[in-house]
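Welcome, and thanks for taking a look at this one with us. Please have the sequence and the coordinates at hand as you read.

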Amino acid sequence: MTTETVAEPEAVTLPVDTLREAIPYLRRPFTINAVKFKVQATWPKGEPTGGLIVAYMDARLVTERLNAVYPEWDDDYLAIDGKTMWCKLTICGVTHKDVGEGTGKALVSDAFKRAAVRFGVGVSL
């Protein structure tokens, strides 16, 4: 009887060099302590008895994840109007974009987080 020795897979250290290496780390769920919750809607109007609560991630959390996985990421913004903005997010030479809604800092934050979701960041929420 012979036994085969199977080599241990090489551990990938962060930061990574390719999108293929980055995706598993970008998609990794955040800890429950990092996730925030907010009331998205209530019903009926006047005296609500029901509501929808949604989980969300803070833009600083997204920035922290991107910096850990691939620090050379880049973002670019294009305002559509006072309440809508595109964010182009580039990681490992691949660009995804999405549109955010809101006002002030919330507008930039929403566009940024939505573009990051295209890479899998926070997709578990």
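**Terms and model**

Two residues are in contact when heavy atoms of theirs lie within 4.5 Å. The model you are looking at is predicted.

**Helix α2 and its two faces**

With that cut-off in mind, the buried residues of α2 pack against three helices and strands: α1 (19-27), β4 (84-91) and α3 (105-117). The residues in question are Ala59, Leu61, Val62, Arg65, Leu66 and Val69. Looking down the axis of α2, you will find these buried residues within an arc of 160 degrees, so they line one face of the helix.

Turn to the face that points away from this buried side, and you meet the exposed residues Arg60 and Glu64. A general rule helps here: an α-helix has 3.6 residues a turn, so residues three or four places apart point the same way.

**Aspartate 58 at the start of the helix**

What caps the N-terminal end of α2? Aspartate 58 does: one of its side-chain oxygens lies 2.7 Å from the backbone nitrogen of arginine 60. In the chain, aspartate 58 belongs to the loop between β2 (50-56) and α2 (59-69).

Is aspartate 58 buried or exposed? Its relative accessibility is 17%, and because buried means under 20%, aspartate 58 counts as buried. Setting aside neighbours within four places in sequence, aspartate 58 is in contact with Lys36 and Lys113. Aspartate 110 is 52 residues away along the chain from aspartate 58, yet their C-alpha atoms are separated by 9.4 Å.

**The β1–β2 hairpin**

Strand β1 (residues 36-43) runs antiparallel to β2, and seven bridges join the two. Within this pairing, phenylalanine 37 stands opposite alanine 55 of β2. The hairpin has six residues between its strands, and glycine 46 there adopts a positive phi near 90 degrees.

As a reminder, in a regular strand the side chains alternate between the two faces of the sheet.

**Rings and charges**

How many aromatic pairs does a search of the whole structure find? The search turns up one.

Lysines also sit over aromatic rings in this model. The charged end of lysine 38 is placed over the ring of tyrosine 56, at 5.1 Å from the centre of that ring. Lysine 97 lies over the face of tryptophan 86, and here too the value is 5.1 Å from the ring centre.

Key:
Residues are numbered from 1 along each chain as its sequence is written. This is a predicted model: local features need pLDDT of at least 70, side-chain atom pairs count only at pLDDT 80 or more; totals for chains, interfaces and linings use all residues. Side-chain values use heavy atoms; hydrogens and water are left out. Helices (H or I, at least four residues) and strands (E, at least two) are DSSP runs, numbered from the N terminus. Buried means under 20% relative accessible area, exposed over 50%, partly exposed in between (1.4 Å probe, protein chains only). Two strands pair if DSSP finds at least two bridges between them. The arc is that of the directions from the helix axis to the C-beta atoms. A polar contact is a pair of N or O atoms within 3.5 Å; within protein, one must be able to donate a hydrogen and the other to accept it, and residues adjacent in sequence count only if both atoms are side-chain atoms. Rings of Phe, Tyr and Trp (its six-membered ring) pair if their centres lie within 6.5 Å; planes under 30 degrees apart count as stacked, over 60 as edge-to-face and the rest as tilted. A charge sits over a ring if NZ of Lys or CZ of Arg is within 6 Å of the ring centre and within 35 degrees of the ring normal.
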